[in-house]
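Thanks for sending this one over. Please have the viewer open while you read, and take the points in any order you like.

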Amino acid sequence: MPRSAARLQVIRVPAPPRARRAAGERAPADSGDMTKRIADSITTAIVERRLMPGTKLAEQKIADIFKVSRTLVRQAFHQLSRDKLVSLEPARGARVAEPGVEEARQVFEVRQMLEAAMIRRAAAELAPAQIAELRAHLKDEEAAIRRTDVSGRTRLLADFHVVIAGMLGNAVLAGMIGELVSRSSLIALMYQSAHSAEHSFEEHVAIVDALEKHDSRAAARLMESHLHHVEQNLRLQPRFPDLAAALRPQ
Ligand SMILES: [Zn+2]
């Protein structure tokens, strides 16, 4: 591997689907699939805290990692920039986005609105098999926390919200929650979340208990307080305080 590509090795190239691997073929992915695979790999690297805000994403290096043209990498960057995970600037190229304080507040405000409504519906509609699936997800969260697998637990804790959205069968909702959760991961990296993984896990367990009892009011209250705790534990202050305010005579 050329040395220049080493720093972006945190972006993992996903393995081809099992069936193809068994047949020993290369995945004949079309360009749309490939763009999505590149975008998904970068998103996962952000959610798993392997790519930090502000990291430069060099087009050529990523093209080398995925063995594709720069055009496809650029398309993936555009997709990620629409989702606010990557910022594109003419002179600086692509970087992992650095969400501002106001943006962070707005993301959590929208999550409160959407996820309170989402969890109420989940409490009314989820079948026992889906509750069992959520219990299995919680087991995975707990196992990742026990073995202090930081990447794994971060992704699983984020996925909890996306999995519930997916169970409601509304692709628009699932897409929006997925985007907001990924942006929240970036926000947690920017503003050093002090909310512990154990605490989030316990709050998730309480939410699933309420879902199992079809108690939509309790589920909504628990989800609201969970998201509130996550936001409260961020240090949402500008990194570079306003100079005039900092130097104002007391
Ligand atoms: Zn959560």
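Below are my numbered points, from overall confidence down to single residues.

1. Confidence first. This is a predicted model, with an average pLDDT of 86 for the protein, and 84% of the residues score at least 70. Over residues 1-6 the pLDDT is below 50, and this stretch has five contacts beyond near neighbours in sequence. Residues 16-28 also stay under 50, with eight contacts beyond four places in sequence in the model. Where pLDDT is low, the predicted coordinates should not be read in detail.

2. The overall make-up. The protein has 250 residues, and 42% of them count as buried. It contains 12 helices and three strands. If you look at contacts with a separation of 6 or more, 76% of them come from residues 24 or more positions apart.

3. The zinc site. Which atoms of the protein are donors to the zinc ion? They are NE2 of His-161, NE2 of His-204 and NE2 of His-226, and they lie 2.0 to 2.1 Å from the ion. Along the sequence, the donor residues follow the spacing H-x42-H-x21-H. Two of these donors link distant parts of the chain: His-204 sits in helix H10 (residues 197-212) and His-226 in helix H11 (residues 216-232), 22 residues apart. Both His-204 and His-226 are buried.

4. A residue to click on: Ile-207. Ile-207 belongs to helix H10 and has a relative accessible area of 0%, so it counts as buried. Leaving out neighbours within four places in sequence, Ile-207 is in contact with Ile-119, Phe-160, Leu-222, Met-223 and the zinc donor His-226. From C-alpha to C-alpha, Ile-207 and His-226 are 9.1 Å apart, while in sequence they are 19 residues apart.

5. The nonpolar cores. In the largest nonpolar core there are 31 residues, and those with the most contacts inside it include Met-118, Phe-160 and Ile-164. Helices H6 (101-125), H7 (128-146), H8 (150-167), H9 (171-190), H10 and H11 each give two or more residues to this core. Apart from it lies another core, of 25 residues, with Ala-45, Ile-65, Val-73 and Ala-97 among them. For a view inside the largest core, try Ile-164: not counting residues up to four places away in sequence, Ile-164 touches Met-118, Ile-119, Ala-122, Leu-134 and Leu-211.

6. Helix H4. Which residues of H4 (residues 59-66) are buried? They are Glu-59, Ile-62, Ala-63, Ile-65 and Phe-66. These residues cover an arc of only 160° around the axis, which puts them on the same side of H4. As background, an α-helix has 3.6 residues a turn, so residues three or four places apart point the same way. After H4 comes Lys-67, with a positive phi near 55°.

7. The sheet. The three strands form an open sheet in the order S1-S3-S2, with antiparallel pairing. Strands S1 (56-57) and S2 (86-89) are the edge strands, each pairing on one side only. S2 and S3 (residues 93-96) run antiparallel and are joined by four bridges. If you want a spot to check, Leu-88 stands opposite Ala-94 in S3.

Definitions and conventions:
Residues are numbered from 1 along each chain as its sequence is written. This is a predicted model: local features need pLDDT of at least 70, side-chain atom pairs count only at pLDDT 80 or more; totals for chains, interfaces and linings use all residues. Side-chain values use heavy atoms; hydrogens and water are left out. Buried means under 20% relative accessible area, exposed over 50%, partly exposed in between (1.4 Å probe, protein chains only). The arc is that of the directions from the helix axis to the C-beta atoms. Donors are N, O and S atoms within 2.8 Å of the metal (3.2 Å for Na, K and Ca); water is not among the atoms, so sites may look incomplete. pLDDT is the predictor's confidence in each residue, from 0 to 100. Contact means heavy atoms within 4.5 Å. A nonpolar core is a set of buried Ala, Val, Leu, Ile, Met, Phe, Trp, Tyr and Cys residues joined through side-chain atoms within 4.5 Å. Two strands pair if DSSP finds at least two bridges between them.
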